[in-house]
Amino acid sequence: MSPLLDHYQRESIIGQAYAFAEEAHRGVLRASGEPYFTHCLEVAETVHGWNLDEASVAAALLHDVVEDTSYTLKDIESRFGPEITTLVEGLTKLKHLTYPEKERKVENLRRFVISFCRDLRVLIVKLADRLHNMRTLDSLGTDDQKKIAWETLEIYAPLAYRLGMQRLSGELDDFAFPFVYPEEHRWLVGAVKDSYETRLRYAQKLVPLVEKALAEHHISPVHIDARAKRYYSLYRKLHRYDMDLEKIHDLVALRVIVPDIEACYTALGAIHGLWSPLPNQFDDYISRPKPNGYRSLHTTVFCVDHKITEFQIRTQEMHDEAELGIAAHWGYQQIKSSKYHAAHWQGIQSRHELLWVEQLRNWQKTFTDHAEFVDSVKTDFFKDRIFVVTPQNDVIDLPIGSTPVDFAYRIHSDIGDACVGAKVNGKIAQLEEELHSGDVVEILTRRGKKPSEGWLAFLKTELARKHVKSALRGSDRKLKEKLVPKETEFKITNLDRPGYLKDVTVIFAKQKINITYLQSQTDHRSVFSLVTLRCTTLQLEKIEKILVQLKRVEGTKEVSYKTSR
Ligand code: MN
């Protein structure tokens, strides 16, 4: 008897989906030799365990029916209605999706997957499906193993992470790791003496000890999180530490969230009173935040049984900032590594690229109870966007209603200007035709061609409209000015001394740059202060010049900048 059916009546929609899927897959075995239906049931159990609604659980039971049996979507619709059918349809489409395995632009692939999940419930059921596939990957042939594991590592685990499902993301990573990098995995598991499970159990045992020590100092922690580092995450981190395991101190880590800043320092004292710290492993990012604003106390101690353990101590506010910071930082990394770094960073597109990541993160943060959760996953996040593909397999996102000309300008203004025709899915299309998600769009150009005024009647994107207007005016100088960010912000960590601010502002004055905002924050616990300075629009070369000069000012420790529109 399945625990799932303990929850639902046989007559309920889930009871019916159960019976239907079991019958449909009857007689079919998985590679492991088990009845195929056991897979569908496992996926449904997982989805149920994540508190998704009944339609999602039913769709999980039915997710392989259309693909693997003689029943069609019409059969599903007549029995289960449009909502469940739409979910099953999404899952079936997703299964058909193929992409080159060695595609380097994995971000494209992630978006491509997202584009097929107009209802986020589809993606979540897909993640449950993938989790079970990974758990049972051993019974497949080597080629399939590699392909599925690679997809998991590069596409599904990162998507799970962005949905805020961090535990699932780590599990998927670690299931896939040995199949994608077998030798590296073997080496790493051998080199790390304690297994993940052992380390996690160890970390969990520390929690009551820390609680007791804090109580003695009259601190009641908001939360203590015991963590062991996952293998794949460790493997990635090692690349930044010369593959030297000795340099990694967070194989076991505790994150201690306390009510206020004072409690951070008291908690630190309490922990150091219990276990002795490693020399030179204490970082006070509260009095001296990282240039990206990150604040926390970090210390590493010889803990119970003399095992090295990292502690991160922070307030709830610092914690929330750090969590959001991951999304922001991640987005910036993506842009920095792209070929068109400068153009992207300054262009309108980059805002969109960050936006969907932020939307996902915020979505995850905003729901507090079950009903709200279900409502929010039902919402169609991408209802305003479509995702189309270039012949080179790049995924381009555009507002809904966009046309081939919008697409052309999104690729490059020269392509937009010279556009004379388009092929959509291999067929010649009208320039004003509306594009749809999944369309493969190819632009036909003729050299010397000028944009036509008539395009303005159907263009959807502001970017394309601006280009056309300015090309018609015969000058795009104004446009280029508009694409430059409105404001540049510098953050300078410095050793405070008399006259420091003056030396900084002189640099800007000499370049005839207007400073619009200037603030210096000093923390009484530290000799460092943080200067925040904003000024009007700066070109990238100018920013670089200023950075060099700021670093030369006596007392400057670290400088970072960002631009905004
Ligand atoms: Mn499946």
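Here is a short chat between a student and a tutor about this predicted model.

Student: To get started, how many helices and strands does the chain have?
Tutor: The chain runs to 565 residues, and buried residues make up 49% of them. Of the contacts with a separation of 6 or more, 66% come from residues 24 or more positions apart. As for the elements themselves, the count is 24 helices and 14 strands.

Student: Okay, the five-stranded sheet. Which strands stand at its edges?
Tutor: This sheet is open, its pairing is mixed, and its strands come in the order S1-S2-S5-S4-S3. An edge strand has a single partner, so one side of it is left without a neighbour in the sheet. That description fits S1 (223-228) and S3 (283-284).

Student: How many bridges join S1 to S2?
Tutor: Strands in a sheet pair through backbone hydrogen bonds, parallel or antiparallel. S1 and S2 (residues 252-258) run antiparallel. One pair to look up is Ala 228 with its bridge partner in S2, Val 252. The number of bridges joining S1 to S2 is six.

Student: Which helix lies across S2, S3, S4 and S5?
Tutor: Two helices are worth a look here. H12 (residues 196-216) lies across S1, S2 and S5 (308-315), at about 155° to S1. The one you want runs at about 160° to S5 and spans residues 261-274. That's helix H14.

Student: I always check cysteines before picking a buffer. How many disulfides does a search of the whole structure find?
Tutor: A disulfide is a covalent bond between the sulfur atoms of two cysteines. Cys 264 is buried, at a relative accessible area of 0%, and Cys 535 is buried with 0% as well. The search of the whole structure comes back with zero.

Student: Is His 25 buried or exposed?
Tutor: His 25 is in the loop between H2 (13-24) and H3 (37-49). Leaving out residues up to four places away in sequence, its contacts include Tyr 36, Phe 37, Cys 40 and Asp 64. Buried means under 20% relative accessible area. His 25 has a value of 2%, so it counts as buried.

Student: Which helices each supply at least two residues of the lining of the second largest cavity?
Tutor: There are two cavities of 30 Å³ or more, and the second largest has a volume of about 30 Å³. Its lining is made up of His 63, Asp 64, Leu 91, Lys 95, Lys 126 and Asp 129. Check those numbers against the helix ranges 73-96 and 120-135, and you land on H6 and H8.

Student: What separates the C-alpha atoms of Ala 160 and Leu 123?
Tutor: Ala 160 lies in helix H9 (residues 142-162) and is buried, with a relative accessible area of 0%. Setting aside residues up to four places away in sequence, Ala 160 touches Leu 127, Met 165, Leu 168, Ser 169 and Leu 172. Leu 123 is 37 residues apart from Ala 160 along the chain, and their C-alpha atoms are separated by 9.0 Å.

Student: Now the three-stranded sheet. By how much are its neighbouring strands turned against each other on average?
Tutor: The order in this open sheet is S9-S8-S10, with antiparallel pairing. S9 (427-429) and S10 (441-445) each have a single partner strand, so one side of each lacks a neighbour in the sheet. Ignoring direction, the average turn between neighbouring strands is 35°.

Student: Which residue stands opposite Ala 422 in S9?
Tutor: S8 (residues 419-424) is joined to S10 by five bridges and to S9 by three. On the S10 side, Ala 422 has Ile 443 as its bridge partner, while Lys 423 stands opposite Glu 442. On the S9 side, the residue opposite Ala 422 is Ala 429.

Student: And which residue in the turn between S8 and S9 has a positive phi?
Tutor: S8 and S9 run antiparallel. They form a hairpin with two residues between them. The turn residue with a positive phi, at about 50°, is Asn 425.

Student: Last one: at about what angle does H19 run to S10?
Tutor: H19 covers residues 404-411 and lies across S8 and S10. Those two strands run antiparallel. The angle of H19 to S10 is about 80°.

How values were computed
Residues are numbered from 1 along each chain as its sequence is written. This is a predicted model: local features need pLDDT of at least 70, side-chain atom pairs count only at pLDDT 80 or more; totals for chains, interfaces and linings use all residues. Side-chain values use heavy atoms; hydrogens and water are left out. Two strands pair if DSSP finds at least two bridges between them. Helices (H or I, at least four residues) and strands (E, at least two) are DSSP runs, numbered from the N terminus. Contact means heavy atoms within 4.5 Å. Axes are lines fitted to C-alpha atoms, for helices over the stretch in contact, and angles run from 0 to 180 degrees between N-to-C directions. A disulfide is a pair of cysteine sulfur atoms within 2.5 Å. Buried means under 20% relative accessible area, exposed over 50%, partly exposed in between (1.4 Å probe, protein chains only). On a 1 Å grid over the protein atoms alone, a cavity is a set of points where a 1.4 Å probe fits but cannot get out, and a pocket is an open set with protein on both sides within 12 Å along at least five of seven lines; lining residues have an atom within 4 Å of a point. Grid points are joined across faces, edges and corners, and a volume is the space filled by probe spheres set on the points.
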